[in-house]
Amino acid sequence: MVIKGSISFPGDKSISHRALILASLCKGESSFSNLSTGMDVFSTKECLMACGINIISEKNKTIVNGGTFNDPNQKLDCGNSGTTMRLLVGLLAGQKVSATFIGDDSLSSRPMNRILSPLAEMGLKLKSKNKRLPITITKSELTGLDYESPIASAQVKSSVLLATLGSNKTTCFTEPVLSRDHTERMLKYIGADISFKNNKTFLEPLSNPLSPFNFNIPGDPSTAAFFAGAASIIPGSNITINRVLINPTRIGFFTILDKMGARIKYLKEKEEVGELIGNINIKQERLNGVRISAKEIPAIIDELPIIAIIATQAKGITKVTGAKELRMKECDRINAISKNLNDMGAKIKELDDGFIIEGPTVLKGAKIETFKDHRIAMAFSIAGLVADGNILLDYPESVKISYPEFFEQLNRVCK
Ligand code: S3P
């Protein structure tokens, strides 16, 4: 079996959330094609609609009529989505909306103080259960903030920036390493007063309405990573990924693959709505282990599960450190990776902030505990392709969070 052909992916999840959110602030009609088909972006859409924003979904088109926000007359259910929750709290705080946020068991156990603390400093009145969901925010006058974030998190950064739009003073947000910068790029494109210096972002409150915009959203590189990963470890594979997002804060996975010895080519690059888009070709090659440390983590935070699978097939040691944030995702991903790879017979040592894998190993079939985490389900499906024996996922439906078409598309390119 080989991975062959060319493949296009539904729109990038991070950009899809932001397109809906920022279009809801624009005066007039914005139109998007290739929006993410996952449940997370659906949660954002439903929450915005519950606040009075008009969003129409047609075949492959989503139209948002931005305007004024109302207090929702229901709790805002963010489902499994940290991005929905953290960005909407910031957005609605700035729009002087009172609302209560809830989510599923995974989201309800994730830390929220990372946004509650800076937003409270900006003047937001809020109530929470031990700094976790459910969270209630009450209409408040906000001021800008000079904030040094202890973590490189685009969700925290975006939450503070969205709140700033409805505040009365400039915000300066500093992060230790630049995290994904889609909010900033999109804000600049639609006319916000935003500027940058090193890892600092300066944003002014809105004084003029933002301009509605249209965007054919590029494919999600974090989803593409599972297919690129499969192609990089299955002998004879050759795959081209069409029209995918190649924003420098998001292609860390391909940089790591390249360091491991993979054959990667970037083709047909262009810029749209402030984002870089291109095609990527990957051919299988013998890979070597790699060291990955803290400063590289933000650009590969969502790809570490598939990197772990690739590392089991590479020659030598792969050591990942500085990745404690991985324990705060949809599940504790360091634990999920270590447990399942151990069960598959890999040589893996769990670290507090990462893991060490020694390869190559012939993986064995096993029952995989997904922890209902989409990226664990997809990563171990790829492990199953190179394993001697079958894998059985306890909850394959979890792929719907970001890529409902995962199994269908994987079958299509497995030849
Ligand atoms: C995201 C940011 C990242 C990432 C998540 C999506 C975003 O989280 O893991 O899948 O769209 O802003 P953090 O900002 O918490 O690192």
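How far is an oxygen atom of the ligand from an N or O atom in the side chain of Asp302? In this model, which is a predicted one, the separation between those two atoms is 2.7 Å, and I would like to begin there and then widen the view to the rest of the ligand's surroundings.

Asp302 is one member of a shell around the ligand, and if you follow along in the structure you will find that the others are Ser14, Arg18, Thr83, Ser153, Ala154, Gln155, Arg180, Ile301 and Lys329. Sorted by class, this shell contains 2 nonpolar, 4 polar and 4 charged residues. Two helices deserve a look here, since helix H1, which runs over residues 13-25, and helix H6, which runs over 154-165, each contribute at least two residues to the shell.

Besides the pair at Asp302, there are two further pairs of atoms that I would point out on the ligand. For Lys329, an N or O atom of the side chain is 2.7 Å from an oxygen atom of the ligand, whereas for Gln155 the partner is a polar backbone atom, which lies 2.9 Å from a ligand oxygen. Taken on its own, the ligand has 390 Å² of accessible area, and the protein covers 95% of that. The space that the ligand takes up is the largest pocket.

Let me now leave the ligand and turn to a serine, which is Ser222 in helix H8, the helix made of residues 221-233. Is Ser222 buried or exposed? Its relative accessibility is 1%, and because buried means under 20%, Ser222 counts as buried. The side chain of Ser222 also has a partner, for it makes a polar contact of 2.9 Å with the side chain of Arg250.

Next comes the loop between strand S21, residues 364-368, and helix H12, residues 374-386, where we find Glu369. With a relative accessibility of 29%, Glu369 counts as partly exposed. Glu369 and Phe380 are 11 residues apart along the chain, and their C-alpha atoms are separated by 9.5 Å. The loop between S21 and H12 also holds Phe371, which is partly exposed as well, with a relative accessible area of 28%.

Phe371 brings me to the backbone, and a little background may help before we go on. Most residues other than glycine have a negative phi, and most peptide bonds are trans. Phe371, however, has a positive phi, near 55°. Asn130, which is not a glycine either, has a positive phi of about 50°. Asn130 sits in the loop between strand S7, residues 125-129, and strand S8, and at 65% relative accessibility Asn130 counts as exposed.

Finally, which peptide bonds should we look at as cis? One of them runs from Leu133 to Pro134, with omega near -5°, and Pro134 belongs to strand S8, which covers residues 132-138. Another joins Gly359 and Pro360, where omega is about -5°, and Pro360 is placed in the loop between strand S20, residues 354-359, and S21.

If you would like to retrace the talk in the structure, you could start at the ligand with Gln155, Asp302 and Lys329, which are among the residues that surround it, and then move on to Ser222 in helix H8 before ending at the cis bond between Gly359 and Pro360.

Key. Residues numbered from 1 in each chain as written. Predicted model: local features only at pLDDT ≥ 70, side-chain atom pairs only at ≥ 80, totals over all residues. Heavy atoms only, no water. Near = heavy atom within 4 Å. Polar contact = N/O pair within 3.5 Å; in protein donor to acceptor, adjacent residues only side chain to side chain. Areas by Shrake-Rupley, 256 points an atom, 1.4 Å probe, with all protein chains shown as cover. 1 Å grid on protein atoms, 1.4 Å probe; cavity = no way out; pocket = protein on both sides within 12 Å on 5 of 7 lines; lining within 4 Å. Sits in = over half its atoms within 2 Å of the grid points. Helix = DSSP H or I, 4+ residues; strand = E, 2+ residues; numbered from the N terminus. Nonpolar A, V, L, I, M, F, W, Y, C, P; charged D, E, K, R; others polar. Buried < 20%, exposed > 50% of the residue type's maximum accessible area, 1.4 Å probe, protein only.
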